[in-house]
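Colleague: I've got a new model open and I'm not sure how to read it. Could you walk me through it?

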Amino acid sequence: MRRIDWNALDDAGRREALARPAQSRAAELKAGVAAIVAQVRARGDAALRELSAEYDGAALDALEVSEAEFDAAEAALDEPLKAAIREAAARIEAFHRAAAPQPVAVDTAPGVRVERVLRPIARVGLYVPAGSAPLPSTALMLGVPARIAGCREVVLCSPARADGRCDAAVLYAARVTGVRRVFKLGGAQAIAAMAYGTGSVPRCDKLFGPGNAWVTEAKLQVSAEPDGAAIDMPAGPSEVLVIADQAADPAFVAADLLSQAEHGPDSQVILLSDSAAQLDRVAAEVARQCAALPRGAIAGRALAQSRLILVDSLAQAVQVSNLYAPEHLILQVTQPRALLPAVESAGSVFLGAWTPESVGDYCSGSNHVLPTYGYARSYSGVSVASFQKQITVQELSADGLRAIGPCTATLAAAEQLEAHRRAVALRLAALDGAAAERRA
């Protein structure tokens with residue numbers, strides 16, 4: 001990990017210090033994804049079978065997981081794992097129900113009622129990776145809010161293994177959330193199938209979930225097409241930024257950094273501290289712990305492009321964090337809540353020594369599908385609202401139109417939109433005429 005003194009850098013040096021690894025959208029990748037998407041659109045299920053054989057080594061007869069396969073997956077899992085999945089799902093549901101948007105109705109003037117009503121997105125597609133590390137937790141993070149939102153049809157895609165089956169824990173997690181339609185599909189071909197539909201896979205209105213560079217590129221391409229699908233958010237490699245003070249336990253800090261570094265070689269971890277001695281302690285602890293990790297080689301490649309940054313104060317550390325806008329922000333300081341008001345851009349924040357990022361990944365109740373690559377400046381993590389549309393409604397009585405009609409007409413005239421003005425003026429004139437008749 002590279003050691004940096006923030007206050008010894010000029011503006012260019014500071015930008016370089018916070019630069020993320022180059023996100024892979026090379027011309028070759030873009031062209032490869034476009035070719036896959038085109039194949040799926042043109043040849044549907046036949047293309048999906050060929051691509052699954054090519055990329056996943058899986059010869060698929062039926063693309064959709066059967067009830068018998070769901071049952072076999074449930075039977076294959078140990079009860080402690082199934083209990084943990086159910087326990088995590090319950091906490092995710094508790095938080096997401098409490099945080100879900102609510103209908104609103106307000107009288108903005110006498111006789112003027114304005115409302116917000118909520119409608120679920122009809123068909124949603126969920127992508128759950130299953131490469132070197134299957135992610136049943138992602139099935140929970142996507143399936144639970146989709147169910148709370150009331151989506152009419154939920155489709156989940158996850159890559160098949162060479163034996164033609166999906167990961168058992170992913171299938172069990174899907175069943176726990178109520179998702180019944182799962183397809184043995186991965187990569188860009190899964191995204192294309194859900195975006196445009198095939199003979200087997202329903203066409204979806206919006207797609208959710210993380211993935212590798214091919215999946216990310218496919219999501220970006222289908223969302224740019226008028227007849228494609230919306231997506232949850234742009235995404236990049238996983239990342240964490242930790243702010244640690246002198247009192248932080250270096251073993252805890254190192255473990256948090258490594259928990260993200262082991263995701264993949266393009267993950268990035270950053271440590272900010274106002275203590276040079278703490279940076280040294282954490283660096284030594286990272287090296288010690290990494291050597292014992294099963295995925296230590298992967299973590300080591302990520303650490304090669306990560307940073308240890310010395311700052312003057314914890315307040316300055318938060319300022320630097322806001323510039324970076326991390327997916328995960330961990331405040332390993334004595335008084336973490338005192339720093340929270342200054343946090344402006346982060347996907348999810350973890351306060352104090354006893355709140356490892358791992359709990360958010362699995363079972364605290366928050367969502368782990370979060371904006372990365374700096375998108376936390378303008379995007380939020382997945383929630384129930386992500387699966388809903390918010391529709392405004394307004395209703396005026398005659399008195400309500402009398403109250404606000406003149407305001408409308410004045411503003412329409414200022415914008416030189418005469419038809420807008422007349423739509424109000426005609427009604428006001430009719431009301432005036434009716435009132436005159438009653439007086440006569």
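Modeller: Sure, we'll go through domains, sheets, a helix pair and the record's annotations, and keep in mind that this is a predicted model.

Colleague: Which domains does the assignment give?

Modeller: Domain 1 covers 2-21 + 237-365, domain 2 covers 26-101 + 124-230, and domain 3 covers 397-438. Notice that domain 1 and domain 2 are each written as two stretches of the chain. As for spacing, 52 Å separates the C-alpha centres of domain 2 and domain 3.

Colleague: Okay, now sheets. In what order do the strands of the six-stranded sheet lie?

Modeller: Read across the sheet, not along the chain. Here the order is S1-S11-S10-S9-S12-S13, the sheet is open and the pairing is parallel. At its edges sit strand S1 (2-5) and strand S13 (348-351), each pairing on one side only. On average, neighbouring strands in this sheet are turned by 15 degrees against each other, ignoring direction.

Colleague: How many bridges join S1 to strand S11?

Modeller: Four, and S1 and S11 (residues 307-310) run parallel. To find one on screen, look for arginine 3: its bridge partner in S11 is leucine 308.

Colleague: Which strands does H9 touch when it packs on the sheet?

Modeller: H9 touches strand S9 (239-244), S10 and strand S12 (328-332), and its direction makes about 170 degrees with that of S9. Helix H12 (residues 314-324) packs on the sheet too: it touches S9, S10 and S12, with an angle of about 170 degrees to the direction of S9.

Colleague: And what is the strand order in the five-stranded sheet?

Modeller: That open sheet goes S6-S5-S4-S7-S8, with parallel pairing. Its edge strands, pairing on one side only, are strand S6 (181-183) and strand S8 (230-231). Strand S7 (residues 206-208) is joined to S8 by two bridges, and these strands run parallel. Find lysine 206 and you'll see alanine 230 of S8 standing opposite.

Colleague: What numbers describe two packed helices?

Modeller: The general idea is that you give the angle between their axes and the distance between the axes. In our case, helix H15 (residues 398-414) and helix H16 (residues 418-439) pack at about 145 degrees, and their axes are 9 Å apart. The crossing of H15 past H16 is left-handed.

Colleague: Which residues of H15 and H16 meet?

Modeller: From H15 they include Leu401, Pro406 and Ala409, and from H16 they include Val424, Leu428 and Leu431. Charged side chains are in there as well, among them Arg402 in H15 and Arg427 in H16. Sorted by type, the contact has nine nonpolar, three polar and four charged residues.

Colleague: Last one: which residues does UniProt list for "binding site"?

Modeller: An unreviewed UniProt entry lists Ser238, Gln260, His263, His328, Asp361, Glu415 and His420 under that name. With annotations like this, check the spread in both sequence and space. These positions span 183 residues of sequence, and their C-alpha atoms are up to 55.4 Å apart.

Colleague: Where is histidine 263 placed?

Modeller: Look in the loop between helix H9 (250-261) and strand S10 (268-273). His420 from that UniProt list turns up again in H16, where it meets H15.

Notes:
Residues are numbered from 1 along each chain as its sequence is written. This is a predicted model: local features need pLDDT of at least 70, side-chain atom pairs count only at pLDDT 80 or more; totals for chains, interfaces and linings use all residues. Side-chain values use heavy atoms; hydrogens and water are left out. Two strands pair if DSSP finds at least two bridges between them. Domain bounds come from an automatic or database domain assignment. Axes are lines fitted to C-alpha atoms, for helices over the stretch in contact, and angles run from 0 to 180 degrees between N-to-C directions. A crossing is left-handed if the near helix is turned anticlockwise from the far one by less than a right angle, and right-handed if clockwise. Contact means heavy atoms within 4.5 Å. Ala, Val, Leu, Ile, Met, Phe, Trp, Tyr, Cys and Pro count as nonpolar, Asp, Glu, Lys and Arg as charged, and the others, Gly among them, as polar. UniProt positions are given in the numbering used here, feature names are shortened, and annotations may be inferred rather than shown by experiment.
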